[in-house]
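Me: I have a protein model open on my screen and I would like to learn how to read it, feature by feature. Could you take me through it slowly?

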Amino acid sequence: MAFPLILLVILVLCPCGYSQRSPSPGYYPSSRVPTSPFDRDFRTQWGFQHQRRENDMLTLWLDKSSGSGFKSLRPYTSGYFGASIKVQSGYTAGVDTSFFLSNHEEHRGDHDEVDIEFLGTTPGKPYSLQTNVFVRGSGDRNVIGREMKFNLWFDPTQDFHHYAILWNPNQIVFYVDDVPIRTYDRKIEAIFPTRPMWVYGSIWDASDWATENGRIKADYRYQPFVAQYRNFKLAGCTVGGSNSCRPPSAAPSGNRGLSQQQREAMAWAQRNFLVYNYCHDPKRDHTQTPEC
């Protein structure tokens, strides 16, 4: 029995914080959506010289001259949107690696956005996974972000993991490997995104805010900063599509909202890995976030 005891000690003493396994959510939406070929559903939007495609993998990188980004060919009114992503280890402070929904090009100064973002870090400290929701320009003029940040139960630099957003008329759900980590419900009509959005991904320099509120900047002695994407999954209702289209379900058939098992898995994730919740920030003006 000596070996299991040694292994247990290693798990307890490991400073990386990656010793926990996630509970089963009981429902796996990513398995219900086929993989979408990049060339069929996306196009490179910017940083053409900082992007490479090899087989089923897309690599983006940031250096002092530029980052890179991509965009879906079609706008969606609801759906499931996911990708398997692997981020760079080492010094990545100031670097933002993202997968998100937005209509900022169509509604400049008045846009909606739903974000999954990896916020870069320094060696020995974990990445923060930030989820965020902007509604009707709140990210443009009044800067009313709805950020929730997580440290993960695994090292996102060591392997690909699946990150996804499910957006339907009643709810937004953020998933990590099919574990729901956050929901944003349509409690108030005015603060829920309903206009069509495109799917984006990018790597860019967010030094002014990404790491420790901008205290630590990107250091280009460590360039290039690399992000890899694969296993894209898009299943949704497109603008101009069939009136009979129904977005994928967030939960097993018959459930409105998450199932009990999914809610328990989300509670586990938030209890152990949630490090920032805008609703609990005493410095925020909560008259601007009535959903809290």
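**Reading the model step by step**

Reply: The side chain of Ser102 makes a polar contact with the side chain of His104, at 2.7 Å. Please keep in mind throughout that this is a predicted model.

Me: Where is Ser102 found, and is it buried or exposed?

Reply: To place a residue, look for the element that holds it and then for its accessible area. Ser102 is found in strand β6, which covers residues 95-102, and because its relative accessible area is 0%, under the 20% limit, Ser102 is buried. Leaving aside neighbours within four places in sequence, Ser102 is in contact with His111, Asp112, Glu113, Met197, Trp198 and Tyr200.

Me: Which elements flank the loop that holds Thr122, and why does Thr122 count as buried?

Reply: Thr122 lies in the loop between β7 (113-119) and β8 (128-134). Its relative accessibility is 15%, and because the cut-off is 20%, Thr122 counts as buried. If residues up to four places away in sequence are not counted, Thr122 touches Gly90, Tyr91, Ala93 and Ile216.

Me: How should I read a sheet, and what is the order of the strands in the open sheet of 7 strands?

Reply: With a sheet, go from one edge to the other and note how the neighbours pair. In this open sheet of 7 strands the order is β2-β3-β14-β5-β10-β11-β12, and the pairing is antiparallel. The edge strands, each of which pairs on one side only, are β2 (51-54) and β12 (179-185). On average, neighbouring strands of this sheet are turned by 20° against each other, with direction ignored.

Me: Over how many bridges do β5 and β14 pair, and which residue is the bridge partner of Gly79?

Reply: Strand β5 (residues 76-87) and strand β14 (residues 225-238) pair in the antiparallel sense over 10 bridges, and the bridge partner of Gly79 in β14 is Gly236.

Me: Which strands does helix α3 lie across?

Reply: Helix α3, residues 260-273, lies across β11 (171-176) and β12, and runs at about 95° to β12.

Me: Which residues touch the most other members of the largest nonpolar core?

Reply: In soluble globular proteins, nonpolar side chains tend to be buried together. Here the largest nonpolar core has 50 residues, of which Phe70, Trp153, Tyr163, Tyr229 and Phe232 touch the most other members. A second, separate core of 10 residues includes Tyr80, Tyr175, Ala235 and Leu258. Apart from neighbours within four places in sequence, the contacts of Tyr163 include Phe81, Ile116, Leu152 and Tyr175.

Technical notes
Residues numbered from 1 in each chain as written. Predicted model: local features only at pLDDT ≥ 70, side-chain atom pairs only at ≥ 80, totals over all residues. Heavy atoms only, no water. Helix = DSSP H or I, 4+ residues; strand = E, 2+ residues; numbered from the N terminus. Buried < 20%, exposed > 50% of the residue type's maximum accessible area, 1.4 Å probe, protein only. Polar contact = N/O pair within 3.5 Å; in protein donor to acceptor, adjacent residues only side chain to side chain. Contact = heavy atoms within 4.5 Å. Core = buried A, V, L, I, M, F, W, Y, C linked by side-chain atoms within 4.5 Å. Pairing = 2+ DSSP bridges. Axes fitted to C-alpha atoms, helices over the stretch in contact; angles between N-to-C directions.
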